Amino acid sequence: MAGKPKLHYFNGRGKMETVRWLLAAAGVEYEEVLFRTAEEFENLIKGGKLMYQQVPMVEMDGMYMVQTRAILRYIAAKYDLYGKDLKERAFIDMYVEGMRDLNDMIIYFPFSLPEEKQKNLNYILERATERFFPVYEKALKDHGKNYLVGNRLSWADVQLIEVVLMVEELKPGVLSAFPKLQEFKARVSKLPRIQKFLQPGSPRKPPVDDASFEVSRKIYKIDKNLLFKHMS
Ligand SMILES: N[C@@H](CCC(=O)N[C@@H](CS)C(=O)NCC(=O)O)C(=O)O
């Protein structure tokens, strides 16, 4: 199993996208094993390597790692993106958990019923601009440093730029009231590894559209009425 990490997922963002971002920021090359049908996903389950019969799964360092947050924490710690001491880690954890809450809303947004789509979109934008973005804006403003924690790039910064770009896809200009976040985005986008990941042709996946949503719905056999099953 030595060699590059192998990412097992479908050909879309979903929960794996944050893993792709973090590996890219760490400068780690990886392979992707993308399944495209329910049958291919079932074959992966039958292979017996998915602890909970779920993906994301990352083959790395002799492990078949599952649970997105466990995977992210391992990569962050291994590649020195997880703070220098327990207190920095606690702050990184607090930031990334908030970002995950926001990211999850965006991931589940395509499940909205047509009549609820606009209401749900408004809710996400309200949460982004009134709950989450003000936290990161204030942190950057108060300490006046370039990064959220410890004045060097961490997992929190990588997840912040990812989620900022996702919210901007839902509403361009959403950062207009957040000057520090605008500066942060401009600065971090220019870091060579991040810049490379943002280029067309990188492993970064495009936003979900109706067609890709339908593909993922079929792979995971998602019944809209059973959405809670997919919110673990
Ligand atoms: N808590 C898990 C949840 C993983 C999860 O819900 N994975 C979905 C795909 S994104 C899945 O494998 N669904 C199939 C199933 O649960 O049977 C994590 O964060 O990795």
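Strands here are DSSP runs of E with at least two residues, and helices are runs of H or I with at least four, both numbered from the N terminus. Everything in the views below comes from a predicted model.

**View 1. Asp61, in the loop that links two strands.** Asp61 sits in the loop between β3 and β4, with β4 covering residues 63–66. Its phi is near 50°, which is a positive value in a residue that isn't glycine. Asp61 has 43% relative accessibility, so it counts as partly exposed; that label is for residues falling between the 20% and 50% cut-offs.

**View 2. Asn151, another non-glycine residue with positive phi.** Here we're in the loop between α5 (117–143) and α6, where Asn151 is found. Phi of Asn151 is about 55°, positive even though the residue is not a glycine. Asn151 is partly exposed, because its relative accessibility is 43%.

**View 3. The ligand and the residues around it.** Zoom in on the ligand and you'll find 10 residues surrounding it, with Tyr9, Gln54, Val55, Gln67 and Thr68 the closest. By type, this shell splits into 5 nonpolar, 4 polar and 1 charged. Two glutamine side chains take part in the polar contacts: an N or O atom of the Gln54 side chain is 2.9 Å from a ligand oxygen, and one in the Gln67 side chain is 2.7 Å from a ligand nitrogen. Val55 joins in through its backbone, with an N or O atom 2.7 Å from a nitrogen of the ligand. On its own the ligand has 510 Å² of accessible area, and the protein covers 85% of that.

**View 4. The cis peptide bond at Val55 and Pro56.** Stay with Val55 and look at the peptide bond leading from it to Pro56: this bond is cis, with omega near 5°. Pro56 itself is in the loop between α2 (38–46) and β3 (57–60).

**View 5. The largest nonpolar core.** Val55 turns up once more here, as one of the residues that touch the most other members of this 73-residue core; Val19, Phe133, Tyr136, Leu148, Leu160 and Tyr220 are the others. Which helix gives the most to this core? That's α6 (residues 155–170), with 10 residues. The core lies between domain 1 (6–79 + 199–230) and domain 2 (86–191), because both of them give residues to it. As a bit of background, nonpolar side chains tend to be buried together in soluble globular proteins.

**View 6. Arg13, a buried arginine in a loop.** You'll find Arg13 in the loop between β1 (6–10) and α1 (17–26). Is Arg13 buried or exposed? With a relative accessible area of 9%, Arg13 is buried, since the cut-off for that label is under 20%. Follow its side chain and you get to the backbone oxygen of Lys205, at 2.7 Å.

**View 7. Two buried phenylalanines, Phe184 and Phe132.** Phe184 belongs to helix α7 (residues 179–189), and at 1% relative accessibility it counts as buried. Phe184 and Leu140 are 44 residues apart in sequence, yet their C-alpha atoms are 8.4 Å apart in space. Phe132 belongs to helix α5 and is buried too, at 8% relative accessibility. For Phe132 and Glu162, the separation is 30 residues along the sequence and 14 Å from C-alpha to C-alpha.

Technical notes: Residues numbered from 1 in each chain as written. Predicted model: local features only at pLDDT ≥ 70, side-chain atom pairs only at ≥ 80, totals over all residues. Heavy atoms only, no water. Near = heavy atom within 4 Å. Polar contact = N/O pair within 3.5 Å; in protein donor to acceptor, adjacent residues only side chain to side chain. Areas by Shrake-Rupley, 256 points an atom, 1.4 Å probe, with all protein chains shown as cover. Nonpolar A, V, L, I, M, F, W, Y, C, P; charged D, E, K, R; others polar. Core = buried A, V, L, I, M, F, W, Y, C linked by side-chain atoms within 4.5 Å. Buried < 20%, exposed > 50% of the residue type's maximum accessible area, 1.4 Å probe, protein only. Domains from an automatic or database assignment.
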